[in-house]
Amino acid sequence: RDQWRGGIDQPLTTIGAGGDVKFDISYNKSKKSDFVGLGFFFLSDRVDVLGMNTNKLAMQTAYHKRLSRENNDFLSFGLEIGVQQRNINYDNLDFGDEFNQIDAFSGQTQELLPPNNFGFFDIGTGLSYTRDISKGMKMNTGVAIHHFNTPRLSFFSSSQSPNPDATIDYDYKIKYTGHFTMDVALGEYFDWLPRAIFINQGNQYEIDIASHFKWDYHKTRSALYLGAWLKTVHGIDGITPIYLSPMIGLQKQAFILGISYDVNLNNTFSGNVGLNALEVSFRFLGEHENNDNFCPEF
């Protein structure tokens with residue numbers, strides 16, 4: 001993900017990679033099985049203008065409980081345990097006492113700076129429900145809690161605060177996420193894929209909605225995805241749309257290439273680019289069957 005190129009001198013970049021696999025669990029050979037999923041996820045977020053990096057490595061597991069003999073209801077519970085590591089290059093920062101009173105920050109700061117590298121555990125969990133409503137229509141909805149162990153986020157620990165009398169919130173605030181998806185068949189080759197996500201963290205929240213269309217040519221396992229996301233946030237003016245993100249996806253057998261572009265709807269920067277973002281994703285689906293219909297696509 002390449003973010004804000006043209007809006008700032010050094011854009012923000014993010015690289016992520018992950019994967020998951022499922023295993024059947026049969027308690028009784030006469031009954032259809034439940035499933036267990038295992039996965040991993042790696043994320044590296046870079047703010048080059050500050051020399052600041054955030055790296056996360058997480059492992060996930062999920063249990064998918066079959067609720068009906070017809071194989072059309074699943075209740076899923078997931079758990080994620082990860083570690084995050086943050087570092088910053090203080091040489092890239094300027095402080096007021098470094099200013100030479102003429103034209104540059106060339107002096108030496110007297111700021112009491114903490115160690116520039118630390119790590120912490122990060123834990124999250126979630127619950128989702130999947131159902132085939134009718135032939136050609138299925139839905140998935142769920143909730144998740146991220147950072148529920150509220151890890152300490154600041155480079156400063158409480159004992160290193162430059163002002164012991166100051167009240168500073170160092171903790172990672174719990175983030176709550178809810179989502180709803182549907183897959184609706186419009187014909188033999190066309191599907192409509194509406195999506196919605198709600199996110200709340202502290203006093204902030206956002207609502208994202210999307211409408212995608214999928215053309216699926218089953219004989220060659222080829223598909224074309226077209227659609228767009230609209231991202232809205234809660235600000236001083238109430239619910240405000242901030243990004244419109246058109247997307248396109250191309251699938252050929254087990255491979256999917258996705259491209260999206262976040263168009264900033266606010267005139268924060270003049271010019272044609274401003275605070276926009278380009279995101280490219282590549283997925284390998286592997287040799288798998290989804291006849292159990294509990295695995296949604298986002």
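Let me start with one definition: two strands count as paired if DSSP finds at least two bridges between them. I will be using that throughout, and I should say at once that what we are looking at is a predicted model.

In overall make-up, the protein has 14 strands and zero helices, so that, reading along the sequence with helices and strands taken as DSSP runs, one meets β-β-β-β-β-β-β-β-β-β-β-β-β-β. Of the 298 residues in the protein, 32% are buried, and the accessible surface comes to about 18,700 Å², with 59% of that area belonging to carbon and sulfur atoms. If one takes the contacts between residues at least 6 apart in sequence, 51% of them join residues at least 24 apart.

Let me begin at the N-terminal end. Strand 1 and strand 2, the latter covering residues 12-25, pair in the antiparallel sense over two bridges, and D2 has T13 in strand 2 as its bridge partner. Strand 2 then pairs with strand 3, again in the antiparallel sense, over 14 bridges, and there the bridge partner of V21 is L38 in strand 3.

Strand 3 also carries F35, and several features meet at that residue. The charged end of K22 sits over the ring of F35, at 4.2 Å from its centre. The protein has nine aromatic pairs by the rule used here. In one of these, the rings of F35 and F74 have centres 6.0 Å apart and planes at 45°, so the pair is classed as tilted, given that planes under 30 degrees apart would count as stacked and those over 60 as edge-to-face. Because F35 lies in strand 3 and F74 in strand 5, which covers residues 73-87, the pair ties together parts that are 39 residues apart in sequence. Both F35 and F74 are buried. Elsewhere, ring pairs link F118, F120, F155 and Y172 into a cluster.

Now to the charged side chains. As a general point, side chains of opposite charge can pair when their charged atoms come close. How many salt bridges does the rule give here? The count comes to nine, and I will go through three of them.

One salt bridge joins R1 and E279, whose closest N and O atoms are 2.7 Å apart. R1 lies in the segment before strand 1, and E279 in strand 14, residues 277-284, so this pair ties together parts that are 278 residues apart in sequence. R1 has a relative accessibility of 28% and therefore counts as partly exposed, and E279, at 32%, is likewise partly exposed. These two residues also belong to a network of salt bridges that links R1, D262 and E279.

A second salt bridge brings together the side chains of K65 and D34, at 3.3 Å from N to O. Since K65 lies in strand 4, residues 52-66, and D34 in strand 3, residues 34-47, the pair ties together parts that are 31 residues apart in sequence. Are the two partners buried or exposed? K65, with a relative accessibility of 38%, counts as partly exposed, whereas D34, at 4%, counts as buried, because the cut-off for buried is under 20%.

The third is between R46 and D48, with an N to O distance of 3.3 Å. R46 is partly exposed at 37% relative accessibility, and D48 is partly exposed at 30%.

Finally, let me turn to strand 13, residues 255-264, which holds D262 of the network just mentioned. In a regular strand the side chains alternate between the two faces of the sheet. Along strand 13, I256, G258, S260, D262 and N264 point to one face and are buried, while F255, L257, I259, Y261 and V263 point to the other and are not.

What joins strand 13 to strand 12? Strand 12, residues 238-252, runs antiparallel to strand 13, and eight bridges join them, with I248 standing opposite I259 in strand 13. The hairpin that these two strands form has two residues between the strands, and Q253 takes a positive phi near 55° in that hairpin. On to strand 14: strand 13 pairs with strand 14 in the antiparallel sense, over eight bridges, and F255 stands opposite F284 in strand 14.

Methods
Residues numbered from 1 in each chain as written. Predicted model: local features only at pLDDT ≥ 70, side-chain atom pairs only at ≥ 80, totals over all residues. Heavy atoms only, no water. Salt bridge = Lys/Arg side-chain N within 4 Å of Asp/Glu carboxyl O. Helix = DSSP H or I, 4+ residues; strand = E, 2+ residues; numbered from the N terminus. Buried < 20%, exposed > 50% of the residue type's maximum accessible area, 1.4 Å probe, protein only. Contact = heavy atoms within 4.5 Å. Areas by Shrake-Rupley, 256 points an atom, 1.4 Å probe, with all protein chains shown as cover. Phe/Tyr/Trp six-rings, centres within 6.5 Å; stacked < 30°, edge-to-face > 60°. Lys NZ or Arg CZ within 6 Å of the ring centre and 35° of its normal.
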